[in-house]
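Please work through the exercises below with the structure in view. Each task is followed by a solution in steps.

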2 protein chains.
Amino acid sequence: MRIAIDAMGGDYAPDEIIAGAIESIEKLDKGDAVILVGPAGVIEEKIGAKNLRKYGDMLQIVDAPEVIDMNESPIEALRKKKRSSISIMTKLAADGQADAVISAGNTGACVAACQMRMRNIEGVNRPGIAVVFPTFEGPVTVCDVGANIACKPVNFYQYAVMATMYSKHVLGIENPRVGVMSIGEEDAKGNEIVKKSRELIKSDKNINFIGNIEGRDIFKGKCDVAVSDGFVGNVVLKLTEGLVDGLFKVIKHELMQESLLLAMKFKPIMMKMYQKYDYHEYGGAPLLGVNGTAVICHGSSKVRTIRNAVMMSRKFHNQKINEKIKEYLSTTNVRGTDE
Amino acid sequence: MRIAIDAMGGDYAPDEIIAGAIESIEKLDKGDAVILVGPAGVIEEKIGAKNLRKYGDMLQIVDAPEVIDMNESPIEALRKKKRSSISIMTKLAADGQADAVISAGNTGACVAACQMRMRNIEGVNRPGIAVVFPTFEGPVTVCDVGANIACKPVNFYQYAVMATMYSKHVLGIENPRVGVMSIGEEDAKGNEIVKKSRELIKSDKNINFIGNIEGRDIFKGKCDVAVSDGFVGNVVLKLTEGLVDGLFKVIKHELMQESLLLAMKFKPIMMKMYQKYDYHEYGGAPLLGVNGTAVICHGSSKVRTIRNAVMMSRKFHNQKINEKIKEYLSTTNVRGTDE
């Protein structure tokens, strides 16, 4: 398996990305390869001659002299920078020269490039980003968190199907319970799109659908998969990030006020929790629905994230998630009414 | 000032509600009154003859034999149960017999009853529920969190105006910074309604508008007011609840695993934090835009919440928030394009 990694994407690129890529090689099989995409000179220098010799064919470089900035407008940037790491990385996948792509760069540009170059899986209308929330009750997959902010019911349905496959075959959850993000448990709750989406998902008896879920339910072990439009999902994702940070800040402050010793004792436990419940542990978010394996990492990705993203992309690829999605959608009778 | 309280609303009604109402009398001025609305026999018994004598005219009872259940369909329940505590409480306000209403009962029914009976402030198209999030960086007012799930830009604009008034005159924030909940800082981010709403709010130079905010920014001290549609706001509210609970569960678990002594030492600090950052501290959420003072409390409200809700309703009333909103909207040049 050949895994192309955007060496220039993310707040800590290229150093942490390249280090993560190199570390992950240790866990790959013979014949596998990591392909670092970015300015060849920069990458070669960072890797060093010793590593280049050591890893041989397992560590390749593909030159991409341009970089898309984190804040650039995705579509415009892709049009202007045809030789950017994101463009060339996705082209490798489209041309069959890479089996997976991983980027911690500009999310919008990455999603757009994957869609344009790699196209969608047959039967999928729109891809969705699936983020795994590590909760006390187990991992919960939320899809979509930002690829598609104007969702139709058929998109919700396909997110339910795709995230179920992911939860089952990558996270190992037996019969994932799927909920649709709404504002009350009762069927009458939610906006029109959510209501229609609920009916559509419910009509597929092969999905373990539990109906509406509320924001709080994600952390209560009520569901394994939560589907939402990309706007709501993105708010959920970022709110969770901000709230966790904010809460630990509060805890630290209160502990320090109480006793410095207590604060010091609490610190290693906090670090352990961070490690355990941190989404970096899951490496990145698969872009479900594109015709290939695409993993989108958080902008703050460091060595561990990239290493885990490589492992996740392997599992995704080896479990043939896309073939399972394609097969499922080709046999279901469920069709969206509006597209 | 006469404050009508739904004695039968919430998970701990009527006991905690009645106890909270009685406690709050101690802080009222002579001539003020608390009016408990619910089955007269039940309330009288709970209050006891001693308290009835002690508080005299400051503690009144208005009979309402019916109760709307937490899970009943709001509109249907209001139609069927004309003698419910929520119906009669809002009728008191409409008839000028109460200056404020407070309920921890069925939120949908309460919002609908307030709208139907009390009507909207002149110039307001739709009311919105404003919840105060107590964060490390200070209180952030989020509006709407569930009254209006299909918002138009004019609603967003009016939420910005009304929540600014609330933040300024009730929470005491000098020049509240207003953000619109979206999925990225850049102007290009967000769905169509959010984009239009942003332009509308931006066109009012009297609002301290900072543009888009993301979910994480609520806890980062970036804004004092966040406006959103009721669907997104409700997800934000409930997610926050669930995540805080979930996180404390994780902390407790990890501490217990590490050392029981450490867990015990952490407990009182956790309780202190809960007290300090708990939204019960703010008593309840004002329903901004109705022609009167209406406070919606969480279903889990206990004595402290009700006491704080009474205090908040006084401040809202005394600060003449509704008159300020009316005056503001009558002089602004900003008009929604679609209504």
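The exercises concern the relation of two chains, their contact and one sheet.

This is a predicted model, in which local features need pLDDT of at least 70, side-chain atom pairs count only at pLDDT 80 or more, and totals for chains, interfaces and linings use all residues. Residues are numbered from 1 along each chain as its sequence is written, and chains are lettered from A and ligands numbered from 1 in the order in which they are written.

**Exercise 1.** Determine which rotation superposes chain A on chain B.

*Solution.* Step 1: a rotation of 180° with 0.0 Å of shift along its axis superposes chain A on chain B, with RMSD 0.0 Å (least squares on the C-alpha atoms of residues with pLDDT of at least 70 in both). Step 2: this is therefore the relation of a two-fold axis. Step 3: in chain A, the C-alpha of V232(A) is nearest the axis, 3.1 Å from it.

**Exercise 2.** State how many residues of each chain are in contact, and which helix of chain A gives the most.

*Solution.* Step 1: 48 residues of chain A are in contact with 48 residues of chain B (C-beta atoms, placed from the backbone, within 7 Å). Step 2: α9(A) gives the most to the side of chain A that touches chain B, with 22 residues (helices are DSSP runs of H or I, at least four residues, and strands of E, at least two, numbered from the N terminus).

**Exercise 3.** Identify the edge strands of the sheet in chain B.

*Solution.* Step 1: the open sheet has 11 strands in the order β3-β2-β1-β4-β11-β10-β5-β6-β9-β7-β8 (chain B), with mixed pairing (at least two DSSP bridges between paired strands). Step 2: β3 (59–63) and β8 (209–213) of chain B each have a single partner strand, so one side of each is left without a neighbour in the sheet.

Technical notes. Contact = placed C-beta atoms within 7 Å.
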